[in-house]
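Reader: Could you walk me through the labels used for this model? I would like to hear how each one is earned.

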Amino acid sequence: MFVKTTLADDELVSVSASHELVEMLVDPAINLMTTGPNPKLVYAYESADPVEALSFPVNGIQMSDFIYPAYFEDFHKPDSVHFDQLHKIKKPFQILAGGYQIIFRNGKWSQVHGSKAKQKSFSLEDRRDHRSETRKKRTRRRSKLPSVPHPRHLAARAA
């Protein structure tokens, strides 16, 4: 959870933890991507990065802002739906000043930052063991799930 890094940066552990939890719930295998407004890019399905600098209280504990699936649907008109929990995103694929978006372009993963300040702070972050680094290294492995019989076969067995 990057607790040491979070504390060293004077950030809140609850915000870092909720950021990572949202992303793990949406894309646990770190393999979801989508197309978007730029046909030459593929966008990582990261659900807290574009609004990374924002948080809101839940029972007095600060939690990370997060985006909704509509964020990745570029057919939505500006302000037509809620794109994030705090309603700061106004259109699909918008990146707020304190956020970033992971993209795949020309065979390589990189980031687009919402501001020069975010780009600078991002370059100073300790990114070891971060989800984005796992994506770059291609170290993900397929889960070994047991074989699940088709419902038709289960019904035949029961008969």
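Reader: What makes Trp109 buried or exposed?

Author: Happy to explain! Trp109 has a relative accessible area of 15%, and buried means under 20%, exposed over 50% and partly exposed in between (1.4 Å probe, protein chains only), so Trp109 is buried. A word on the basis: this is a predicted model, where local features need pLDDT of at least 70 and side-chain atom pairs count only at pLDDT 80 or more, while totals for chains, interfaces and linings use all residues. Residues are numbered from 1 along each chain as its sequence is written, and side-chain values use heavy atoms, leaving out hydrogens and water.

Reader: Why is the pair of Phe104 and Trp109 called tilted?

Author: Rings of Phe, Tyr and Trp (its six-membered ring) pair if their centres lie within 6.5 Å; planes under 30 degrees apart are stacked, over 60 edge-to-face, and the rest tilted. Phe104 and Trp109 are 4.9 Å apart centre to centre with 55° between the planes, so the pair is tilted. Phe104 itself is partly exposed, at 23%.

Reader: And what makes Phe66 and Tyr68 edge-to-face?

Author: Their planes stand at 80° and their centres at 5.7 Å, so this aromatic pair meets both criteria.

Reader: How do you know that Lys118 and Glu52 form a salt bridge?

Author: The term asks for a side-chain nitrogen of Lys or Arg within 4 Å of a carboxyl oxygen of Asp or Glu. Between Lys118 and Glu52 the N to O distance is 2.3 Å, so the label fits. Both residues are buried, and the structure holds one salt bridge.
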